[in-house]
Amino acid sequence: MGFTLVYLSAIVLIPFAGLVLRACELSWADFWRLATTDRALAAYRLTFGASLIAALANALFGTLVAWVLVRYSFPGRRIIDAMVDFPFALPTAVAGLTLSSLFAANGWLGQFLVPLGIKGAFTQLGVVIALTFVGLPFVVRTLQPVLHNLDREVEEAAATLGAGRLRTFVGVIAPTLLPAVLTGFALAFARAIGEYGSIVFISGNLPFKTEIAPYLIVMRLEEYDYTGAVALAVVLLVCSFLLLGAINLLEAWTSRFAR
Amino acid sequence: MSIELRNVSKRFGEVVAVNNVSFTVREGELMALLGPSGGGKTTVLRMIAGLEMPTSGDVLIGGKRVNDVSVQQRNIGFVFQNYALFNNMTVARNIAFGLKIKKWRRADIQARIAELLELFGLQGLESRYPHQLSGGQRQRVAIARALAPKPSVLLLDEPFGAVDAKIRQELREWLVTLHHDLNVTTVFVTHDQEEAMEVANRIVIFSRGNLEQVGSPREVYEQPANEFVARFIGVMNVLEPVVKDGVARVGELEFPAPGQPDGQKLRIGFRPYAVQISSDLTQYRYRAVLRHTFFLGVLLRVELELPSGLIVRARMTKEEYAHQGLEEGCEVSFQIRQYRVLAREEAPLQPELELPYTPPPILGENI
């Protein structure tokens, strides 16, 4: 217990406190001015918006991937299962570089998609794609053990009571999975908000268009504008904190039937 | 409704789980499917439910062939070994699940839930979640859920397997009462012969996918169809004597075997109740040391060790044991009254044979 607290303080709480203290040096008016410039607002919108879309996509497709990996056996299943961890292992800069070359107008995918009007590189769509890529393992890995523990007999019980596949899924399976899906969603979302490396390459970092909040912080730092950077950081911190808190509450509510 | 299986087989790949099984469960009957694990009894139950398809043969419910009827349409109630309750639903919603699917009216659903809660002694627990219930309560919810839509048959897979011994006894008695009250055709799977004997009207005995015998508890005990049944139901001493001069001998024990060639090996079986014991060493023919005494309630089972090292199991009442002044380690004399000559495990049993015996002395009036 004591060890845990010391460790947590050293690794998490002290840096946070430093950040907040630094922000306290600012007057409220200055803080507000620095934190809510038009450029900053656009960056927040992109960061949170794209992260939300990416996390939602991951919650949906990650569930699908986990389901297939657990329930079906097919050749190459183990390889695909191992590949899910790829976004974890890959340095994010490499991921960003790969994705941007893939979606560039002359890239593998880009050469087909760009004529169709789907521009992946240097657009907001690109940001969403990169964030979806890095977030996928969170949902899959959170769900897999839960799916493994899902009792087949429960599905059979529903069938003996007359329930078809859809009814069984909606009424029995989905509510059991929901807490885990939300956990995965929250992790993917949190990761997406903090993601930097993979995005700077694919987004192009155009102010007001494809510039994400973490990038803006780096910009401010490079301009030796520490207070500006801190103001932005505090906003990100508070927002992330509130969002994660809300998701946790939701999770607690959906798992009210569990131990 | 009645249930009938006609020449039903089930193969999983190369493995034959159920081999050409036919039997009938009469309307309103309480039937046990009994056998060691891997005997195919659960597969039979699942085929009746429609959770498995027979590889060949027909399943009939209420006289109608249901092979092509899906599990959803068969109108059966199934209780799983681990209950398989819906953990995300309260007790009331678990019970209501099947009713909602059958599109019962709201008021009817509420009335049915109330009725079942009362019948199963679950009043006041309707808004609990399954994890807030005890094992016995969970099982009653599982049975209530299965019975809610008024199924034509109730099927239970090892219904007493997952609860502890004391509750198990209560549940057995309760299941008998419930069946008596509802009179729904019920089939349950068990590996516990005592449980089957106590609860069921009739028993189907399986071993390695084959049906060995169908009969009332008394029939399978007193007239076992073969050695497997004889050994599985109750306890049996099995010895392997060799014939010499028309007598089969093993250790000190001798069994007449007229007409059998010398050197022929026989298998002899006798029930513990066929063995009589006396503390008077001159009373009976054979001598032995009383090695262990097992208290089974009114009856005791004792293990006798002969000088040659043979072990013979016998049974006697507590009163007789006390009257004779027996205790572990004491020397006794004994005799065997009836025995059977056994052939292969699956072959029909030979009739029981009597040995010449000394009638036991009449016990005093103190019993």
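In which sense, and over how many bridges, do strands β21(B) and β22(B) pair? In this predicted model, strand β21 of chain B, residues 338-342, is joined to β22(B) by two bridges in the antiparallel sense. Within this pairing, the residue standing opposite Y339(B) is L353(B), in β22(B).

The two strands belong to an open sheet of four strands in chain B, ordered β11-β15-β21-β22 and paired in antiparallel fashion. Strands β11 (237-239) and β22 (353-354) of chain B each have a single partner strand and stand at the edges, so one side of each is left without a neighbour in the sheet. In general, the strands of a sheet pair through backbone hydrogen bonds, in either a parallel or an antiparallel arrangement.

The accessibility of three residues, two of them cysteines, is given below.

| Residue | Relative accessible area | Class |
|---|---|---|
| C239(A) | 28% | partly exposed |
| C330(B) | 17% | buried |
| F201(A) | 34% | partly exposed |

C330(B) counts as buried because its relative accessible area of 17% falls under the 20% cut-off. With regard to cysteine pairing, the structure holds zero disulfides over all chains.

F201(A) lies in helix α11 of chain A, which comprises residues 197-203. Apart from neighbours within four places in sequence, F201(A) is in contact with A93(A), G96(A), L97(A), S100(A) and F122(A). By comparison, L161(A) is 40 residues from F201(A) along the chain, and the C-alpha atoms of these two residues are separated by 54 Å.

Technical notes
Residues numbered from 1 in each chain as written. Chains lettered and ligands numbered in written order. Predicted model: local features only at pLDDT ≥ 70, side-chain atom pairs only at ≥ 80, totals over all residues. Heavy atoms only, no water. Pairing = 2+ DSSP bridges. Disulfide = S-S within 2.5 Å. Buried < 20%, exposed > 50% of the residue type's maximum accessible area, 1.4 Å probe, protein only. Contact = heavy atoms within 4.5 Å.
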